[in-house]
Amino acid sequence: MNIKIMDDERLDDLNCKGLKILQKVDGFCFGMDSVLIANFAKVPKREAVVADLGTGTGIISILVAGKQKIEKIFAIEIQDELVDMAKRSVEYNGLNDKIEVINADVVGISKGEFNKNLNLTKGIIGDYKIIEYEEFKND
């Protein structure tokens, strides 16, 4: 799959099922915490729909979608540049059918914006807050 890689970006191998991710050459890069969160995130059922709040470049969404059978991940990020990188990484990995990257402020996201139950999956690592398998029912 061909994607545009900017001069200040690189395509890194995730050493997992051929998955790769775009990262800045001289910027923040994902760390072990993202890998651990993705490894600890257990999706409760095959048809699960989950949200990755503050997805950044999409590392957790890409790893979870690549490792687990999942219907859909809504990867939500407010920063335009990171949204663009996440979208290109998702496209490169052929995960467009499983991951939808949304440019939005998570504060503005409401459970009513999703047409299915929404499971939030994160992990407790450092300062991360976790909401694991908590279902939000649409009213």
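In this tour, Ala, Val, Leu, Ile, Met, Phe, Trp, Tyr, Cys and Pro count as nonpolar, Asp, Glu, Lys and Arg count as charged, and the others, Gly among them, count as polar. Keep that handy for the pocket stop. One thing to know before you click anything: you're looking at a predicted model.

**Stop 1: the whole chain**

Switch to a cartoon view and colour by secondary structure. You should find three helices and seven strands. Start at the N terminus and follow the ribbon: the elements come in the order β-β-α-β-α-β-α-β-β-β. The protein has 139 residues, and 42% of them are buried.

**Stop 2: the largest pocket**

Now select Phe28, Gly54, Thr55, Gly56 and Thr57. What have you landed on? The largest pocket holds about 340 Å³ of space. It is lined by 21 residues, and the five you just selected are the closest to its centre.

Which elements supply at least two residues each to the lining? Colour these one by one:

- strand E2, residues 20-24
- helix H1, residues 32-40
- strand E3, residues 49-53
- helix H2, residues 59-67
- helix H3, residues 80-92

Here's where the opening definition pays off. Sort the lining residues by type and you get nine nonpolar, seven polar and five charged.

**Stop 3: a lysine with two partners**

Time for some charges. Side chains of opposite charge can pair when their charged atoms come close. The whole structure contains five salt bridges, and we'll visit some of them.

Select Lys24 and Asp8 and show their side chains. They form a salt bridge, with the closest N and O atoms 2.8 Å apart. Lys24 sits in strand E2, while Asp8 is in the segment before strand E1 (9-13), so this pair links distant parts of the chain, 16 residues apart.

Is Lys24 buried or exposed? Its relative accessibility is 15%, so Lys24 counts as buried, because the cut-off for buried is under 20%. Asp8 is partly exposed, at 37% relative accessible area.

Keep Lys24 selected and add Glu81. This is another salt bridge, and here the closest N and O atoms are 2.5 Å apart. The pair again links distant parts of the chain: Lys24 is in strand E2 and Glu81 is in helix H3, 57 residues apart. Glu81 is partly exposed, with a relative accessible area of 48%. Show the three side chains together and you'll see one network, in which salt bridges with shared partners join Asp8, Lys24 and Glu81.

**Stop 4: a buried pair**

Next, select Arg88 and Glu9. Their salt bridge has its closest N and O atoms 2.7 Å apart. Which parts of the protein does this pair tie together? Arg88 lies in helix H3 and Glu9 in strand E1, so the bridge connects parts that are 79 residues apart in sequence. Check how covered the partners are: Arg88 is buried at 9% relative accessible area, and Glu9 is buried at 8%.

**Stop 5: the loop between E1 and E2**

Move to the backbone. Most residues other than glycine have a negative phi. Now click Asn15, found in the loop between E1 and E2. Its phi is near 55°, a positive value in a residue other than glycine. With a relative accessible area of 70%, Asn15 is exposed.

Then click Lys17, which lies in the loop between E1 and E2. Lys17 has a positive phi of about 55°, although it is not a glycine. Is Lys17 buried or exposed? At 66% relative accessibility, Lys17 counts as exposed.

**Stop 6: a nonpolar patch**

Turn on the surface and select Leu53, Val106 and Val107. Together they make a nonpolar surface patch of about 260 Å². Leu53 belongs to strand E3 and is partly exposed, at 35% relative accessibility.

**Stop 7: Ile70 and Ala48**

For the last stop, select Ile70. Where is it in the fold? Ile70 is in the loop between H2 and strand E4 (72-77). At 5% relative accessibility, Ile70 counts as buried. Add Ala48 and check the distance between the C-alpha atoms: Ile70 and Ala48 are 22 residues apart along the chain, and their C-alpha atoms are separated by 5.7 Å.

Note on methods. Residues are numbered from 1 along each chain as its sequence is written. This is a predicted model: local features need pLDDT of at least 70, side-chain atom pairs count only at pLDDT 80 or more; totals for chains, interfaces and linings use all residues. Side-chain values use heavy atoms; hydrogens and water are left out. On a 1 Å grid over the protein atoms alone, a cavity is a set of points where a 1.4 Å probe fits but cannot get out, and a pocket is an open set with protein on both sides within 12 Å along at least five of seven lines; lining residues have an atom within 4 Å of a point. Grid points are joined across faces, edges and corners, and a volume is the space filled by probe spheres set on the points. Helices (H or I, at least four residues) and strands (E, at least two) are DSSP runs, numbered from the N terminus. A salt bridge is a side-chain nitrogen of Lys or Arg within 4 Å of a carboxyl oxygen of Asp or Glu. Buried means under 20% relative accessible area, exposed over 50%, partly exposed in between (1.4 Å probe, protein chains only). Patches are made of residues with over 30% relative accessible area and no salt bridge: like charges are joined within 9 Å, nonpolar side chains (Val, Leu, Ile, Met, Phe, Trp, Tyr) within 5 Å. Accessible areas come from the Shrake-Rupley method with a 1.4 Å probe; for residues, only the protein chains shown count as cover.
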